[in-house]
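Colleague: I'm new to this one, and I'd like to know what stands behind the words people use for it. Could you show it to me and let me quiz you?

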Amino acid sequence: MGRLTVVPYPRGPQVRLPEDVQRRIKARVEGYREEMIEFQRRLTAISGLGPDNGGEGEEPRAQFLENYLREAGLPAPRRVDAPDPRVPAGRRPNLVLRVPGGDAPALWVLCHLDTVPPGDLGAWSGDPLEMRVEGDRLIGRGVEDNQQGLTASLFGLRALHEEGLRPPGDVGLLLVADEESGNRYGIDFLLSTEPELVKPSDLVVVPDFGLPAGDVIETAEKGILLMRADVHGRQVHGSMPHLGANAHRAAAHLVVRVDQALHEAFPASDPRFDPPASTFEPTKRLANVPNINTIPGEERLWFDCRVLPRYPLEDVLRVAREAAAGLEAEFGVCVALESEASFPAPPATSDDAPVVRLLGDALRELRGVEARTIGIGGGTVGLSGARCARRRVVHHGRQRPPTGGVRPDLQPGGGRPGLRLPICRAPTVGVGGG
Ligand SMILES: [Zn+2]
């Protein structure tokens, strides 16, 4: 069994395994093919729905994984379970599996155990929990999101273990609950319980996003501001508008003015993002009156703002309030604009960061693609974050751990019924050696 010289990740132009070791690892991973398919099949059969989605939580999946790891001879994962009385087990599992390596920074791969519901069953070609193989595709609930990442990283770790290789730094898997419903019982719980677990110098990869070409690494996110507007007027009969204050009309003007003001005040664009500019979308609106001949006195509506990291979210709220200020006098209403939730953008990970460089090298060597870095418009701050001690995120006044990690490319399409997923090939975790 080989033992590699330990080489710290950040040094040297490129950290490479010797050719023969690379070949051995590749061959071993290829040899896992049938086992990986079977692993996916067994995992798919165990529902991973959290209670927010009407499920019983991730505990059965965690137990399956614990057994699987034991049978594979891998170290037992540590539990950092979050209490949750809504599920039969009373807890939401978070597993920390750490294989010791050399002195270099640890490499973490963060995957989530839960899935979203199957949605419209009629849109599936079979039972979503009964995985099927069609050619080189897997079809089943969760095979892509996030079982693909979980399977690839777990078998990658297993290959290292079975080849007797000692990685330059510790290699760990963080298998967390509750990713699909806000992370409170998952990564947020884990990192607030153990704030020292992931060090700022560690490398973190989150295989939970991707494009078909497999050539993107997500390194930046927009900030998110969910903004609520309340307009209070006075309700009257439709024939007597002069006696009331039409909240609907005032709200319509508010939408137009706020929309325009925000686009004018925050015009910058950043080509890493798609779309490259900040977005300010009026979205939800509460129903007002049930009948046509009543002039509504109350309106409530929301904006979903995705803001480039350079703009503070407080500035967005301030500009929106300024734009709405004139409405009160003009329409005889009261207007309140509030932040319902805000997730400031974490600092982007630099293209020169070791984790980005190593992942780029791995993609080049294993897939023959030249990866580019991209930013995305959020949804991911609330999703799995490689939340590594950089920034506090304020959510409903509650402090949440920060985010700031790297997502390697993977196949797209999470959450679509009948999703077809290419069977995993070699995992692309950036493990180096001397
Ligand atoms: Zn996911």
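Modeller: Here is a round of questions and answers on how the parts of this model get their labels.

Modeller: First, the ground rules: this is a predicted model, where local features need pLDDT of at least 70 and side-chain atom pairs count only at pLDDT 80 or more, while totals for chains, interfaces and linings use all residues. Residues are numbered from 1 along each chain as its sequence is written.

Colleague: How many helices and strands are there in the chain?

Modeller: The chain has 9 helices and 20 strands. Helices are DSSP runs of H or I with at least four residues, strands are runs of E with at least two, and both are numbered from the N terminus.

Colleague: Why is Gly50 called buried or exposed?

Modeller: Count the C-beta atoms, which are placed from the backbone: 20 or more others within 10 Å of a residue's own makes it buried, 12 or fewer makes it exposed, and in between is partly exposed. Gly50 has 29 such neighbours inside 10 Å, so it counts as buried. Gly50 is found in the loop between helix 2 (33-44) and helix 3 (59-71).

Colleague: And what makes Asp270 buried, exposed or something in between?

Modeller: Asp270 has 16 other C-beta atoms within 10 Å, so it is partly exposed. Asp270 also sits in a loop, between helix 6 (247-265) and strand 13 (279-285). For the chain as a whole, 44% of the 434 residues count as buried.

Colleague: Which residues is Asp270 in contact with, beyond its neighbours in sequence?

Modeller: Contact means that two C-beta atoms, placed from the backbone, lie within 7 Å. Leaving aside neighbours within four places in sequence, Asp270 is in contact with Pro276, Leu308 and Gly375. Leu308 is 38 residues away along the chain, yet its C-alpha atom is 7.7 Å from that of Asp270. With the same four-place exclusion, the contacts of Gly50 include Gly55, Asp114, Ala177 and Ser181.

Colleague: What makes a set of residues a nonpolar core?

Modeller: The members must be buried Ala, Val, Leu, Ile, Met, Phe, Trp, Tyr or Cys residues, joined through C-beta atoms within 7 Å. The largest such core here has 50 residues, and Trp108, Leu110 and Leu359 are among those with the most contacts inside it. Helix 4 (residues 147-162) gives the largest share of this core, 7 residues. There is also a second, separate core of 27 residues, including Ala247, Ala250, Leu262 and Val316. In soluble globular proteins, nonpolar side chains tend to be buried together.

Colleague: Why are helix 6 and helix 7 called oblique to each other?

Modeller: Axes are lines fitted to C-alpha atoms, for helices over the stretch in contact, and the angle between N-to-C directions runs from 0 to 180 degrees. Under 35 degrees is roughly parallel, over 145 roughly antiparallel, 65 to 115 roughly perpendicular, and the rest oblique. Helix 6 and helix 7 (residues 313-324) pack at about 135°, with their axes 9 Å apart. They are therefore oblique to each other. Where they meet, helix 6 brings residues including Leu254, Val258 and Leu262, and helix 7 brings residues including Val316 and Ala320.

Colleague: What about helix 1 and helix 4: why are they oblique?

Modeller: The axes of helix 1 (residues 19-31) and helix 4 come within 9 Å and cross at roughly 125°. That makes these two helices oblique to each other as well, therefore. The contact is made by Ile25, Arg28 and Val29 of helix 1 with Phe155, Gly156, Ala159 and Glu162 of helix 4.

Colleague: How do you know that strand 11 and strand 15 pair?

Modeller: Two strands pair if DSSP finds at least two bridges between them. Strand 11 (residues 223-232) and strand 15 (residues 298-307) have 10 bridges, in the antiparallel sense. Val231 stands opposite Glu299 in strand 15. Strand 11 is also joined by 9 bridges to strand 16 (residues 334-343), again antiparallel. There, Arg228 has Glu338 as its bridge partner.

Colleague: What makes strand 13 and strand 16 edge strands?

Modeller: The open sheet has 4 strands in the order 13-15-11-16, with antiparallel pairing. Strand 13 and strand 16 each have a single partner strand, so one side of each is left without a neighbour in the sheet. From one strand to the next, the twist averages 25°. Helix 7 packs on this sheet and touches strand 11, strand 15 and strand 16.
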